[in-house]
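Biologist: Please take a close look at one part of this structure, the largest nonpolar core. Set it in the context of the whole chain.

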Amino acid sequence: MTTSSSTPVGLSSTMAWIYLSLAVVFEIVFALGASASHGFTKLKVSLITVVGVVGGIYFISLALKTLDVGVGYPIWTGAGAVGTVIFGALIFKEKITPAKVFCFIAIIGGVVGLKSLAGV
């Protein structure tokens with residue numbers, strides 16, 4: 001059942017954005033874990049990676065009860081990508097080039113634009 005604003009009963013806009021934020025965190029954990037697991041050959045890191053996948057999908061599914069998929073999914077993947085590159089540089093000493101910075105700015109601009117146009 002939905003309200004007149006197409007928001008499912010019991011799920012506020014604020015909760016949808018919190019769920020989306022949690023989904024982003026789990027997405028970053030998944031991506032970093034996938035790299036660190038060395039093809040799922042390290043058990044502990046592999047388990048963390050699986051938790052990242054499951055958590056990300058769970059929380060994005062909750063967020064999409066309220067947010068349009070055309071808003072929630074691109075924000076999830078875009079913010080997850082930026083976070084993965086930043087933490088990849090911090091944890092794995094991957095290089096951040098000027099071209100990567102330009103792409104971050106483009107992704108962040110898209111995320112901010114989608115959020116501001118979401119109407120939720």
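Modeller: A definition comes before the surface figures: accessible areas come from the Shrake-Rupley method with a 1.4 Å probe. On that basis the chain exposes about 7,200 Å². Carbon and sulfur atoms supply 74% of this area. Keep in mind that this is a predicted model.

Next, the frame around the core. The chain has four helices and zero strands. Along the sequence the pattern reads α-α-α-α. Its C-alpha atoms fill a box of roughly 50 × 35 × 15 Å, taken along the principal axes. Of the 120 residues, 33% count as buried. Take the contacts in the chain with a separation of 6 or more: residues 24 or more positions apart account for 66% of them.

Now the core itself. The largest nonpolar core holds 19 residues. Six of them touch the most other members: Trp17, Tyr19, Leu20, Leu67, Ile75 and Trp76. Each helix contributes: helix 1 (13-36), helix 2 (43-63), helix 3 (69-92) and helix 4 (98-118) supply at least two core residues apiece. Helix 1 gives the most, with eight residues.

Leu20 deserves a closer view. It is among the residues that touch the most other core members. Set aside its neighbours within four places in sequence. Leu20 is then in contact with Ile60, Ala63, Leu67, Gly72, Ile75 and Trp76. Leu67, Ile75 and Trp76 also appear among the core residues that touch the most other members.

Notes
Residues numbered from 1 in each chain as written. Predicted model: local features only at pLDDT ≥ 70, side-chain atom pairs only at ≥ 80, totals over all residues. Heavy atoms only, no water. Core = buried A, V, L, I, M, F, W, Y, C linked by side-chain atoms within 4.5 Å. Buried < 20%, exposed > 50% of the residue type's maximum accessible area, 1.4 Å probe, protein only. Contact = heavy atoms within 4.5 Å.
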